[in-house]
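Please examine the structure shown below. The explanation that follows leads through strand pairing, burial, charged contacts and the nonpolar surface.

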Amino acid sequence: MTSVSNMPPVRVGSAARAPASPVLWQVPDQASSESAEFDVAIVGLGYVGLPTALAYHNAGSRVLAFDVSDRRIRDIRSNRADLIASDRARLRSALVDQGFTLTSRARDLARAGAVVVCVPTPVDEHLIPDLSALRRACATVVERAVPGQLLILTSTTYVGCTEDLLVTPLRERGLNVGEDVFVAFSAERIDPGNQLVAQEDVPRVVGASTPKCEERAYRLLRRYAQRVHRVGSLGAAEMTKLIENTFRAVNIALANEFADICRVLGIDVTDVIEAASTKPYGFMAFMPGAGVGGHCIPCDPHYLLWQLRKNRVEAPVIAEAMSQIAARPGRLVERIRQTLSDAGRGLRGARVLVIGVSYKPDVSDLRESPALEIMASLQHAGADVGYADPRVRLLSLADGTVLESVERPEEFEADVILVHTRHTGTDLSWVSTNQIVIDATYTSNDVPRRVLP
């Protein structure tokens, strides 16, 4: 969040809606259901907030969708948001329904019985948590809170953040948490681009300030989620998301390390992982790659490490895993340099084409994508770098260089092709036997001269 504009709410359409699901909760006397125009307001309409708003609307809730960006509101209203097919269909339905309202006016939040905060919590270039957007969002929600409202924080953050940014400021306003207003934490569990698991089928975890807060939050989450798991405190709910993604980070770092070991020993690491996966217990497959991107794994463990440093507590396994993850793109650049050297030429002046630059297949999300660091490092070393990604038309590197996706990659005449992200339907049949292919996806068995990182 950067500012709160004065754009009026957009009441989008008036078509008849599907029958609403049963109302599972009532706001208390201070803000009766008649006075609450919306069942829920979603603050932040990015990769998490917009699908969440659509899930609530699809379940029959009256939804106020709020974002400070007028441009984002316009993109959503024009159906230009990056969504999976099922959510795009939901958005089309929502945009012609009076039960779904877009706004960038903060004062409209007072019109909702519940407010769910879904803003990003990244890390900065020094891997320090950047809480600026979350602090602004929570301050806005606290300022606009009205008696009877339920406030739920879903953004991944440090343990104690909900207390710091919602509970304490509300009390300073004179609102008694658990009686006048209700506060809970339930971390988002959205996997961008995943069309195999419906959002409704992913269990939600919730912790709250008081039993009344927990019950209110449970009932709101159950409006669309098939299962809600309760924990005993705000802190336990906050820590749950941190352990989920720290677990993934540590295991991805381990998979990358095994990939390096297998390469040295002349073993196909994918064969090894597939074989280990046949064990029906005690093993979970993680695949190596060019690095880790997205809004969770590269960031979330650093919120825990940051908090632990403040408390003089060490977490050496987590710290080393994150260090290795951060170093992975650099190692891939060195692998490209080494491969070119083995072929009798240097990196300077070499033409390198990157296939796929988003952080994972079938999304356009560039957040924390290893491709950005890899391309910047290659360019800094003197390589002529291009990329081909039908989902990302333009991108900017850290030094301000703007690159445009190559429409016909076969005409790039690359010396080295780095397969970074392979979207569904990516065709590599044009690759010639004269071109070196470094396959950071470990899946491109259909290309000649394939080299593993």
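Two strands are taken to pair if DSSP finds at least two bridges between them. The model to which this criterion is applied is a predicted one. Within it, strand S7 (residues 182-185) pairs with S8 in the antiparallel sense, over two bridges. Phe 185 stands opposite Gly 207 in S8. On pairing with strand S9 (residues 228-230), S8 runs in the parallel sense, and three bridges are found. Here Val 206 stands opposite Arg 230 in S9. The connection between these parallel strands involves helix H6 (residues 211-221): S8, H6 and S9 make a right-handed β-α-β unit.

Strand S8 (residues 204-208) is also mostly covered, as five of its five residues are buried. In a regular strand, side chains alternate between the two faces of the sheet. In S8 both faces are covered: Arg 204, Val 206 and Ala 208 are buried on one side, and Val 205 and Gly 207 are buried on the other.

Charged side chains supply a further set of contacts, with a count of 25 salt bridges. One of them joins Lys 241 and Glu 188 at 3.0 Å, N to O. Lys 241 lies in helix H7 and Glu 188 in the loop between S7 and S8, so this pair ties together parts that are 53 residues apart in sequence. Both Lys 241 and Glu 188 are buried.

Another salt bridge is formed by the side chains of Asp 384 and Arg 351, at 2.5 Å, N to O. Because Asp 384 belongs to strand S11 (residues 384-388) and Arg 351 to strand S10 (residues 351-355), the contact ties together parts 33 residues apart in sequence. Asp 384 counts as partly exposed at 33% relative accessibility, and Arg 351 is partly exposed with a relative accessible area of 26%. Elsewhere, salt bridges that share partners join Glu 37, Arg 105, Asp 108 and Arg 111 into one network.

A salt bridge also links the side chains of Glu 163 and Arg 171, at 3.3 Å, N to O. Glu 163 is partly exposed at 30% relative accessibility, and Arg 171 is partly exposed at 47%.

The nonpolar surface remains to be considered. Leu 254, Phe 258, Ile 261, Val 264, Leu 265, Ile 267 and Val 272 make a nonpolar surface patch of about 630 Å². Helix H7 (residues 234-265) gives the most to this patch, with five residues. Phe 258 is found in H7, and its relative accessibility of 42% is why Phe 258 counts as partly exposed.

Methods
Residues are numbered from 1 along each chain as its sequence is written. This is a predicted model: local features need pLDDT of at least 70, side-chain atom pairs count only at pLDDT 80 or more; totals for chains, interfaces and linings use all residues. Side-chain values use heavy atoms; hydrogens and water are left out. Patches are made of residues with over 30% relative accessible area and no salt bridge: like charges are joined within 9 Å, nonpolar side chains (Val, Leu, Ile, Met, Phe, Trp, Tyr) within 5 Å. Accessible areas come from the Shrake-Rupley method with a 1.4 Å probe; for residues, only the protein chains shown count as cover. A salt bridge is a side-chain nitrogen of Lys or Arg within 4 Å of a carboxyl oxygen of Asp or Glu. Helices (H or I, at least four residues) and strands (E, at least two) are DSSP runs, numbered from the N terminus. Buried means under 20% relative accessible area, exposed over 50%, partly exposed in between (1.4 Å probe, protein chains only). A crossover is right-handed if, with the strands pointing away from the viewer, the path from the first strand over the helix to the second runs clockwise.
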